[in-house]
Amino acid sequence: MLEITDIIDKLPSKPNDPNRRTRPLGVVTKIVVHYDAVLVPPTEGSAIAYDPVARYVAQANYHIAKNWNDGVGPVVHGFGLMYHYRVSSDGRIWRTQPEELVTWHARAVNYRGLAICCDLGSGQLPTAAQIGGLSDLLDYLCYNRPDIPANRRDVWGHGELTAAGNHTPCPGGLLAWVQAYRRD
């Protein structure tokens, strides 16, 4: 059985925000892999040199304070961390939002997308443990969750979704792996 640590209740959130929407899981047709572009410190022996939950709390606070309206009009702040799952550099999997929640992570794909973010800085490559955790999570979502219709052919890197308005280097050092996962 896949070990997933649920930390939804440990993360800052605005549960009554009027922009917070849910969707039926049957509409999830894309799984979008991201990286957070924040440098991961080198490991110290066999232990990672950072606290993943503290990292996610800080990023949730950033997402809440951020103006997500990149056009004209009013400021639109976030309501919490905009990823459903996180994978830390040691390969642990963290559930950070309910899958039914529509998060703002990939523009036109938000409503039908499930967001996975890996702890990985710009220019860094994922660890073997992180790739293992990401692979296990994707296999679980694609093969063991009949309530989610997306499969491995529906796994995309954030920046690959240009037709949906995404123009970003995300998921950085994970892109080639994501593409290979989708092909295999």
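User: In what order do the six strands of the open sheet run?
Analyst: This is a predicted model, where local features need pLDDT of at least 70, side-chain atom pairs count only at pLDDT 80 or more, and totals for chains, interfaces and linings use all residues. Residues are numbered from 1 along each chain as its sequence is written, and side-chain values use heavy atoms, with hydrogens and water left out. Strands are DSSP runs (E, at least two residues; helices are H or I, at least four), numbered from the N terminus, and two strands pair if DSSP finds at least two bridges between them. The pairing is mixed, and the order is β1-β4-β3-β5-β2-β6.

User: Which strands stand at the edges?
Analyst: Look for strands with a single partner, so that one side is left without a neighbour in the sheet. Those are β1 (4–6) and β6 (155–157).

User: Which residue in β4 does Tyr85 stand opposite?
Analyst: β3 (residues 85–87) and β4 (residues 93–95) pair in the antiparallel sense over three bridges. Across from Tyr85 in β4 stands Arg95.

User: Which element gives the largest share of the largest nonpolar core?
Analyst: A nonpolar core is a set of buried (under 20% relative accessible area, 1.4 Å probe, protein chains only) Ala, Val, Leu, Ile, Met, Phe, Trp, Tyr and Cys residues joined through side-chain atoms within 4.5 Å. The largest has 26 residues, with Ile31, Ile116 and Leu134 among those with the most contacts inside it. β2, β3, β5, α2 and α3 each supply at least two. The largest share, seven residues, comes from α2.

Methods
Buried < 20%, exposed > 50% of the residue type's maximum accessible area, 1.4 Å probe, protein only.
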